[in-house]
Amino acid sequence: MTGEENQDKSRIVLIGILVERTESVASVNEILHQYGTYIIGRMGIPYREKKVNVISIVMDAPNDVVSAVSGRLGQLPGVQSKALYARKN
């Protein structure tokens with residue numbers, strides 16, 4: 001599949017990430033760095049009172065890439081992630 005065909009199959013996705021274990025922050029950042037070419041924007045909010053970091057990632061990526069990112073993040077201890085897909089791109 002060419003890059004152009006692959007782009008046609010990409011979707012706009014919002015991935016919500018909750019990090020409840022500080023030990024997992026470096027691993028989260030490493031995973032996001034590996035998929036950086038697909039990331040359009042990122043916002044992180046440390047909620048110190050509740051000891052949780054909230055991260056929002058907006059991606060333009062094929063479904064398999066989104067599944068890989070969300071799945072890898074969700075396997076980390078103390079990390080939850082969910083993907084929300086745009087209806088039309």
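In this predicted model, methionine 43 lies in strand S2, which spans residues 39-47. The residue is partly exposed, because its relative accessible area of 46% falls between the 20% limit for buried residues and the 50% limit for exposed ones. Leaving aside residues up to four places away in sequence, methionine 43 touches Val54, Ile55 and Ser56. These contacts link S2 to a later stretch of the chain, since strand S3 covers residues 52-61. A further pair worth a look is methionine 43 and valine 58: they are 15 residues apart along the chain, and their C-alpha atoms are separated by 8.9 Å.

Strand S2 also helps to cover helix H2, the next element to consider. Helix H2 runs over residues 25-34, and within it Val28, Ile31 and Leu32 are buried. Their directions span an arc of only 95° around the axis, so the three sit on the same side of H2. A simple rule of helix geometry fits this picture: with 3.6 residues a turn, an α-helix has residues three or four places apart pointing the same way. Turning to the face of H2 that looks away from the buried side, one finds the exposed residues Ala26 and His33. What, then, covers the buried residues of H2? The cover includes strands S1 (11-19), S2, S3 and S4 (79-85), together with helix H3 (63-74).

Charged side chains deserve a moment as well. Side chains of opposite charge can pair when their charged atoms come close. How many salt bridges does a search of the whole structure find? The search finds one, and it joins glutamate 23 to arginine 21, with the closest N and O atoms 3.0 Å apart. Glutamate 23 is exposed, as its relative accessible area of 56% is over the 50% limit. Arginine 21, at 40% relative accessibility, counts as partly exposed.

Stepping back to the whole protein, the secondary structure comes to three helices and four strands. Followed along the sequence, these elements give the pattern α-β-α-β-β-α-β. Of the 89 residues, 27% are buried. Among contacts with a separation of 6 or more, 69% join residues 24 or more positions apart. The accessible surface comes to about 6000 Å², and carbon and sulfur atoms account for 52% of it.

Note on methods:
Residues are numbered from 1 along each chain as its sequence is written. This is a predicted model: local features need pLDDT of at least 70, side-chain atom pairs count only at pLDDT 80 or more; totals for chains, interfaces and linings use all residues. Side-chain values use heavy atoms; hydrogens and water are left out. Helices (H or I, at least four residues) and strands (E, at least two) are DSSP runs, numbered from the N terminus. Buried means under 20% relative accessible area, exposed over 50%, partly exposed in between (1.4 Å probe, protein chains only). Contact means heavy atoms within 4.5 Å. A salt bridge is a side-chain nitrogen of Lys or Arg within 4 Å of a carboxyl oxygen of Asp or Glu. The arc is that of the directions from the helix axis to the C-beta atoms. Accessible areas come from the Shrake-Rupley method with a 1.4 Å probe; for residues, only the protein chains shown count as cover.
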